[in-house]
Structure formats: C-alpha cells, structure tokens
Amino acid sequence: MREDTTYVALDDSKRKIVAGILRPGAMDPEVREIANDPGEVGRLFRRLRRDGPVVACYEAGVSGYALHRQLTQLEVPCQVVAPSLTPRRPGERIKTDSRDAKKLVRLFRAGELTPVHVPDEAEEGVRDLVRCREAVRREVIRWRHRVLKLLFRHGRGYVGGKNWTQAHWRWIRSQRFDQAPLQRAFEATLFALEQAMARQAELERELAALAADAPYREPVGRLRCFRGIDTLSAMVLLAEIVDFRRFGRAREFMAYLGAVPSEYSSGDAHRRGALTKAGNQHARRILIEAAWHYRHRPALVGRLRRRSEGQPPEARHHAWRAQQRLHRRYRHLLRQGKRPPVAVVAVARELAGFIWAAMTAPVPAAG
C-alpha cells in the first residue's frame, strides 16, 4: 500500500453503516455513520478519494457481497474478511458499532485480517440454489419424522421392512383414522411431506441441468470419478469452493473445511482435540458422507465405472489411488480401536487432499 492510502473499515447493518477511517499518518481512527444506502456510500467514498487512494474492508455476514460489488464499481479496492478469524482481546466486555469499526480499521491497516473469496454474481446464484436445495432436504427429513411419529403415537408402527420404500409408501397412504380431526392432521402432514419432496426433486433437476452445461460440466465430471460423489454432491462442492486453485496446498484445503484437529500445545505438552469445524460446513458434510463409501473394498464397477468413462486420466488416477489408500486407512484405524465415525472423519480429511490434487491438476489441451 502507498503511504498516502486511507483505510476504511465498514461495520454494516440493515439500516446504517458505521465507517472507521484511518487517514495517512493518523493513529486514532475517525468514525462516521451513514445510512445503508448506495447513494450515501458513494458520496462517502467520493469525498475520501479526493485526498488520495482509498481501500476498504468489511466482515462477511448476512449483507452478502452487494457492498463489495458497489465499491468495486466505484474503483475502490475492497476486501471481505472472515469474522471468525478476526483477532479479539479476551478481556473485552463492551461491544458497540463504533468500537468494532475502529478495531477493524486498525487491524486492516496492520494486515491482520483474513480475506475470503468473493464469488461473482453467477457463482453466488448457483451457491444460493445449492443451499436452497439443502434447506428443502432438511425440511423433507423433518416432515418424514413428523409423519412417522404421528402414526406411531396412534399405534401405527410399520413392521414390513425398511422405511420409505415403495411398500412403505403404500402402507402410509392406506392409513385411515376414525376421528375426523386426526384424519385431517394426518392428511395435512402427509401433504406437506409430498410438497417438500416435490420441491426437492425440482431443485435437483435444475442442478443436474446446470451440471451438464459449461462451466460445470468438466469439473463435475472430474469429481464424479471419486467414490461417494455424484452430480449433486459435486455441485455442492463446486458451489461452495468455487476455485480449488486458491488453496496452495492440500493442507490448506483441509483446514478450510474445518477437517483438521484442534491443537493446544505449549512447551513440551502437545494436545490435540476435536475437529476445528471452522470452515465450510456444507462441503465438510459432503466429504464426510462420501468417506463412508471407502469402508468397502476398492472396486471400479457399475455406476462408478460409467461415471469415470471419458474423464481425464489424472482424475481417474487420483480417484483410484484414493480408493486404495483410504480403504487401508479406514481398516487400520479400526484395528487401532477407533470408532467408525472417528475413522470416517480421518478418511474424509485425506479424501479432501485427493480431491484437491485432482481438481488442481492441469487440464489437457484439446486435440
């Protein structure tokens, strides 16, 4: 940064923005409060730019990236920083918008903030569609539980096999209650479940259509070479990660997913605890679900073989190595006495490394 640069940190909320401003050579930030309005934001930064270059930052949150895009259009360099990685003093007990803005701008000028990747509008739209499908999926699970619990409370437990098979659905739809209010409650609950399932199926069809077209067709094909990852799982990973090359090493990708153990070591004492879970929970869930497939012996048959056909040799090579390595790893951890969920999380961490290697391998030139 140039010495005549003005640093601005924005603490934004629904109705107002509190700006902490550090002018060149100043030690104490000044604070300005403006309405959360594009016109007010533009006027503030046009005034600041009269005195020299300006850079800005704000913490990622519910306001999304609209403020970043507005400042970029004004030709003001802007960073969106990770709030979970912002340094905090353990003794602070007072929190106000002005204090937050002052602290943030000091850390910004000192280079102590960690920026996050800012997707473009198309990438953000796909990510919102993926997360919408995730929300509907959770809604389907809740309505399934409500249907089963309503039936069980009234002595209607299904004993004919697994739940949610075609036979189970026929049994559910055949249920009738003598009491009219109870019958109405059952019908309404079942209707809500069917509506949620229809919404989920519609969103999944839209995601499948996106996966079959550019720019997602090639990376989705690479990811589908891996055991446990099909079209929808691949779209979740791509929507959440966006660009695997922004991680310089596989360990950085693992840490971003929060799949590495926490640690508290000092002197001769080395202590490791549970997962940090500090990263992207959507991508972490997909990898842990995929990791369960590696408890089976390595094989390239059926749908997995068909998915791998026509894909780059590098991706198929990494996917096959992952099957061999991760199955051995899972069996080794079980022999050491680890519980299956613990072993699966360790496998998911290593699976992240194989996926990073496959997605960052050079794409062979056409022809």
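An open sheet of 5 strands, in the order E3-E2-E1-E4-E5 and with mixed pairing, is a good place to begin; strands here are DSSP runs of at least two residues marked E, helices are runs of at least four marked H or I, and both are numbered from the N terminus. This is a predicted model, in which local features need pLDDT of at least 70 and side-chain atom pairs count only at pLDDT 80 or more, while totals for chains, interfaces and linings use all residues. Residues are numbered from 1 along each chain as its sequence is written, and side-chain values use heavy atoms, with hydrogens and water left out.

At the edges of the sheet lie strand E3 (30-35) and strand E5 (78-81), each of which pairs on one side only, where pairing requires that DSSP finds at least two bridges between two strands. Strand E2 (residues 16-22) runs antiparallel to E3 and is joined to it by 6 bridges, and glycine 20 stands opposite valine 31 in E3. Helix H2 (residues 66-73) packs on this sheet, touching strand E1 (6-12), E2, strand E4 (54-59) and E5, and its direction makes about 175° with that of E4. Helix H3 (residues 97-110) also packs on the sheet, where it touches E1, E2, E3, E4 and E5, with its direction at about 140° to that of E1. For these angles, axes are lines fitted to C-alpha atoms, for helices over the stretch in contact, and the values run from 0 to 180 degrees between N-to-C directions; contact means heavy atoms within 4.5 Å.

In the loop between H2 and E5 lies glutamate 75, which has a positive phi of about 65° although it is not a glycine. Glutamate 75 counts as exposed, at 60% relative accessibility; exposed means over 50% relative accessible area, buried under 20% and partly exposed in between, for a 1.4 Å probe and protein chains only.

Further along the chain, helix H5 (residues 166-173) has His168, Trp169 and Ile172 buried. These three are on the same side of H5 because they cover an arc of only 100° around the axis, the arc being that of the directions from the helix axis to the C-beta atoms. On the other side of H5, Gln166 and Arg170 are exposed. The cover over the buried residues of H5 includes helix H4 (121-153) and helix H6 (180-211). H5 and H6 pack at an angle of about 145°, with their axes 12 Å apart. This contact is made by Trp169, Ile172 and Arg173 of H5 together with Phe186, Leu190, Leu193, Glu194 and Met197 of H6.

After H6, in the loop between H6 and helix H7 (217-223), is the place of proline 215, and the peptide bond to proline 215 from alanine 214 is cis, with omega near 0°.

The largest nonpolar core has 64 residues, and Phe226 and Ile355 have the most contacts inside it; such a core is a set of buried Ala, Val, Leu, Ile, Met, Phe, Trp, Tyr and Cys residues joined through side-chain atoms within 4.5 Å. Helix H13 (residues 340-360) supplies the largest share of this core, 12 residues. Leaving aside its neighbours within four places in sequence, isoleucine 355 is in contact with Leu223, Phe226, Ile229, Leu237, Phe244 and Leu287. Apart from this core lies another, of 19 residues, among them Leu48, Leu71, Val76 and Val80.
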